[in-house]
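Thanks, everyone; I would like to take a few minutes to walk through one model, starting with its strands and helices and ending with some details of rings and backbone. Please keep the view open while I talk.

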Amino acid sequence: MTKIYNRPALSAKAIAERYLDELAPRIAPMIADTVGLVHDALARGERVLLEGAQATFLDLDHGTYPFVTSSNPVAGGACVGSGLGPRDITDILGIAKAYVTRVGAGPFPTELDGDTAEYLVTHGHEFGTNTGRRRRVGWFDVVMARQAVRLNSLSEIALTKLDVLDKFDEIKVCVAYLHEGVRYEYMPFHQSVLHDVTPVYETIQGWQSELTAVSHIDQMPAAAMDYVRFLEEKIGVPITVVGVGPEREQFVRTA
């Protein structure tokens, strides 16, 4: 603190006193055997929901290192954090946007710029929740999605922000990567390859109508459902929920 950051030294005595005298009494009543709590709930036949934070490719071990976080946000981390065993997990729901975003540096094969990127950022409100940093945006990447299915053993996917694509007459989807004549259906393990791949795109017809008032699958434009079913087929797991707006009730069940 003093030699590198030119700040006053910390007092171990002052820190200990604050934690023991001020903070510990407030925290102590909320400390419990959480492993016991979740296992007892399962034994009673109750449902336990574990919610992950961040994203698959920020995973310390399986993400796009070194552009990662310091933990394991893949589904396996839920067992480590909760004390549940792998056989206690029954369904694993992956969350994916209808396009791809990333905050900060790191490989991004489908990244967009110009007017299309500006539109997605503006209409998708793509700014970091805590930092306020502008997110990078790109077309949906099936290669990344397939890898996420593998790493998390996803049973289904919820696709969010489909409404952000309402105005596009055509929408591109990356279905594979090319690098020096080699086609990749899954993420290449070598970072130098990933940084230099060329995305292989397929183009899907847009629906050019607003989805925000849609509440049932029967109300979805055919072209919008074609996009959803195309992604579903390419990814290999069902898309069971589609988000059509920012509010909690703005979603459509597709299965």
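Gly243 has Phe251 in β10 as its bridge partner, and I should say at once that we are looking at a predicted model. That bridge belongs to the pairing of β9, residues 239–243, with β10, which is antiparallel and runs over three bridges. As a general reminder, the strands of a sheet pair through backbone hydrogen bonds, in either a parallel or an antiparallel sense.

If we step back to the whole sheet, we find that it is open and has four strands in the order β1-β5-β9-β10, with mixed pairing. Since β1, at 93–97, and β10, at 251–253, are the edge strands and each has a single partner, one side of each is left without a neighbour in the sheet. Ignoring direction, neighbouring strands of this sheet are turned against each other by 20° on average.

Now, what packs on the sheet? Helix α7, residues 222–235, does so, touching both β5, at 156–160, and β9, and the direction of α7 makes about 140° with that of β9.

The helix α7 also has a helical neighbour to consider: its axis and that of α5, residues 142–152, come within 9 Å and cross at roughly 55°. An angle of that size falls between the roughly parallel range, under 35 degrees, and the roughly perpendicular one, 65 to 115, which means that α5 is oblique to α7. The crossing of α5 and α7 is right-handed. On the α5 side the residues involved are Val142, Ala145, Arg146 and Val149, and these meet Leu231, Lys234 and Ile235 in α7; sorted by class, this contact has five nonpolar residues, two charged ones and no polar ones.

Let me turn to the rings, where a search of the whole structure finds three aromatic pairs. In one of these, Trp139 and Phe168, the ring centres are 5.6 Å apart and the planes stand at 70°, so the pair is edge-to-face. This pair links distant parts of the chain, 29 residues apart, with Trp139 in the loop between β3 and β4 and Phe168 in the loop between β5 and β6.

Finally, two points about the backbone. Most peptide bonds are trans, and most residues other than glycine have a negative phi. Against that background, Tyr65 and Pro66 are joined by a cis peptide bond, with omega about 5°, and Pro66 is found in the loop between α2 and α3. His125, which is not a glycine, nevertheless has a positive phi of about 50°, and its place is in the loop between α4 and β3.

Note on methods: Residues numbered from 1 in each chain as written. Predicted model: local features only at pLDDT ≥ 70, side-chain atom pairs only at ≥ 80, totals over all residues. Heavy atoms only, no water. Pairing = 2+ DSSP bridges. Helix = DSSP H or I, 4+ residues; strand = E, 2+ residues; numbered from the N terminus. Axes fitted to C-alpha atoms, helices over the stretch in contact; angles between N-to-C directions. Contact = heavy atoms within 4.5 Å. Parallel < 35°, antiparallel > 145°, perpendicular 65-115°, else oblique. Left-handed = near helix turned anticlockwise from the far one by under 90°. Nonpolar A, V, L, I, M, F, W, Y, C, P; charged D, E, K, R; others polar. Phe/Tyr/Trp six-rings, centres within 6.5 Å; stacked < 30°, edge-to-face > 60°.
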